[in-house]
Amino acid sequence: MPRKLTLRQKIEHRIARKEGEDVFLTREFKKLGGEDQVLRTLRTLVDEGQLVRLGYGIYGRARPSSLSGKAVLSSREGFLGVAQQALDKLGVEWEPTEAQRAYNEGRSTQVPVNPVVRVKGRFSRHLRYRNAELVLER
């Protein structure tokens, strides 16, 4: 008889199947097991460097750093791109700030350094990765 997959294996398979996504919410794994079990498994994946915790119930795909070996975000867009993906998955309406639009349209050469997003409606979670925290404009 074939063995049943453990919860960890199920979560790892689901993460591997979603290649284009860099953000995962805990509610995506709700059907695989109990809430405490899922959170415990995600916590071990964070400890092992496969995921990075970005906020309450929000995790990002990670890879080992070539310099230090520690877990870093594996998104090409960086923290701002991951934060925007998280906002999309949470159903929050957002738009780029005026400084980002000016840079993208070629009206400015100043690159926005801090991750800032204009949020429409209510949103009170904090998204952060290491020293960077997403700043919300209203």
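The legends below describe close-up views of a predicted model.

**View A. Thr41 in helix 2.**
Thr41 lies in helix 2, which spans residues 35-47. The relative accessible area of Thr41 is 11%, so this residue counts as buried, the cut-off being under 20%. Apart from neighbours within four places in sequence, the residues in contact with Thr41 are Leu7, Arg8 and Ile11.

**View B. The open sheet of three strands.**
The strand order is 5-6-9, and the pairing is mixed. Strand 5 (93-96) and strand 9 (135-137) are the edge strands, each of them paired on one side only. On average, neighbouring strands of this sheet are turned by 40° against each other, direction ignored. Strands of a sheet pair through backbone hydrogen bonds, in either a parallel or an antiparallel manner.

**View C. Strand 6 beside strand 9.**
Strand 6 covers residues 116-120 and runs parallel to strand 9, to which three bridges join it. Opposite Val117 stands Leu136 of strand 9.

**View D. Helix 3 on the sheet.**
Helix 3, residues 78-90, packs on the sheet and touches strand 5 and strand 6. The direction of helix 3 makes about 15° with that of strand 6.

**View E. Helix 4 on the sheet.**
Helix 4, formed by residues 98-105, also packs on the sheet, where it touches strand 5 and strand 6. Here the angle is given against strand 5: the direction of helix 4 makes about 50° with that of this strand.

Note on methods: Residues numbered from 1 in each chain as written. Predicted model: local features only at pLDDT ≥ 70, side-chain atom pairs only at ≥ 80, totals over all residues. Heavy atoms only, no water. Helix = DSSP H or I, 4+ residues; strand = E, 2+ residues; numbered from the N terminus. Buried < 20%, exposed > 50% of the residue type's maximum accessible area, 1.4 Å probe, protein only. Contact = heavy atoms within 4.5 Å. Pairing = 2+ DSSP bridges. Axes fitted to C-alpha atoms, helices over the stretch in contact; angles between N-to-C directions.
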